[in-house]
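Work through the exercises below with the sequence and the model side by side. Try each task before reading its solution.

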Amino acid sequence: MKLKAFSLLAGAIALTLTATSFAVNAQTASPSPVLLAQTPQKERGPWKELGLTDAQKTQIQAIKRDSRTKMEAVFTPEQKAKLEAAKQARQAQRQAGQGQRQPGQRRGKGGYADLNLTEAQKTQIRQIRESEKQQIQAVLTPEQRQKIEQFRQNAPSRRQQGNPQ
């Protein structure tokens with residue numbers, strides 16, 4: 001009788017420990033949107049190697065935000081709806097764990113290819129992007145500009161190697 005009670009107790013403890021570890025994994029695997037919004041974005045590409053100051057980061061974020069607002073003003077309501085739908089689809093893929101690109105897989109150009117942009121819209125977007133580039137260049141030091149230029153020059157060789165950076 002004691003052996004039966006002991007094995008029942010051991011089984012209950014083992015089940016509790018197993019269930020607890022699964023609960024902890026589930027909790028950390030899907031953080032809340034609030035936590036995601038508070039998590040700083042990782043710098044990618046050449047940005048992580050530039051050694052940007054906090055002031056530079058803030059200025060560049062403001063420039064990018066302003067450019068995004070200007071680009072959104074160029075789109076028709078239908079195009080905005082398509083962009084929003086594509087954004088939600090990407091978020092759903094990321095949450096399902098399918099957001100990682102495979103080596104050699106190309107990233108889309110912001111989802112603009114499916115929008116059927118007019119030539120006037122394409123021209124406006126090019127102008128906005130060029131203005132953004134010039135404004136960001138003005139924020140960088142000469143050394144940082146040189147690193148960015150080297151990164152751009154080496155981009156074709158990185159693409160051939162399949163490096164997503």
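Helices here are DSSP runs of H or I with at least four residues, numbered from the N terminus. The model is a predicted one, and the exercises keep that in view.

**Exercise 1. Describe the overall make-up of the protein chain, and say how confident the prediction is.**

Solution. Begin with the secondary structure: the protein chain has six helices and zero strands, which gives the pattern α-α-α-α-α-α when read along the sequence. Next, take the confidence, where the average pLDDT is 76 and 59% of the residues score at least 70. Then look at residues 24-39, where pLDDT stays under 50 and the model has one contact beyond four places in sequence. Finally, consider burial and contacts: 18% of the 165 residues count as buried, and among contacts with a separation of 6 or more, 77% join residues 24 or more positions apart.

**Exercise 2. Compare the span of helix α5 with its expected span, and list its buried residues.**

Solution. Helix α5 covers residues 119-139, which is 21 residues. From the first C-alpha to the last, α5 reaches 31 Å, close to the 30 Å expected at 1.5 Å a residue. Turning to burial, the cut-off is a relative accessible area under 20%, and the residues of α5 that are buried are Q121, I125, I128, E132, I136, Q137 and V139.

**Exercise 3. Find the two salt bridges, and classify each partner as buried, partly exposed or exposed.**

Solution. The structure holds two salt bridges, and they can be taken in turn.

1. In helix α3, K70 and D66 lie four residues apart, about one turn of the helix, and their closest N and O atoms are 3.3 Å apart. K70 counts as partly exposed because its relative accessibility is 39%, and D66 is also partly exposed, at 35%.
2. In helix α5, K122 and E119 lie three residues apart, about one turn of the helix, and their side chains meet in a salt bridge at 3.6 Å, N to O. K122 is partly exposed, since its relative accessible area is 33%, whereas E119 is exposed, with 54%.

As for why such spacings suit a pairing of side chains on one helix, an α-helix has 3.6 residues a turn, so residues three or four places apart point the same way.

**Exercise 4. Which residues make up the largest nonpolar core, and what does L117 touch?**

Solution. The largest nonpolar core has nine residues, namely M71, V74, F75, L83, Y112, L115, L117, I125 and I128. Helices α3 and α5 each supply at least two residues of this core. Apart from this core lies another, of eight residues, including L50, L52, I60 and L140. Within the largest core, take L117: leaving aside residues up to four places away in sequence, L117 touches F75, Q79, Y112, K122 and I125. K122, one of these contacts, is also a partner in the salt bridge with E119.

**Exercise 5. Where does T53 sit, and how far is T53 from L140 in sequence and in space?**

Solution. T53 is placed in the loop between α2 (33-38) and α3 (54-74). At 41% relative accessibility, T53 counts as partly exposed, because that class lies between the cut-offs of 20% and 50%. T53 and L140 are 87 residues apart in sequence, yet 9.7 Å apart in space, C-alpha to C-alpha. L140 itself belongs to the core of eight residues met in the previous exercise.

Technical notes
Residues are numbered from 1 along each chain as its sequence is written. This is a predicted model: local features need pLDDT of at least 70, side-chain atom pairs count only at pLDDT 80 or more; totals for chains, interfaces and linings use all residues. Side-chain values use heavy atoms; hydrogens and water are left out. The expected span of a helix is 1.5 Å times one less than its number of residues. Buried means under 20% relative accessible area, exposed over 50%, partly exposed in between (1.4 Å probe, protein chains only). pLDDT is the predictor's confidence in each residue, from 0 to 100. Contact means heavy atoms within 4.5 Å. A nonpolar core is a set of buried Ala, Val, Leu, Ile, Met, Phe, Trp, Tyr and Cys residues joined through side-chain atoms within 4.5 Å. A salt bridge is a side-chain nitrogen of Lys or Arg within 4 Å of a carboxyl oxygen of Asp or Glu.
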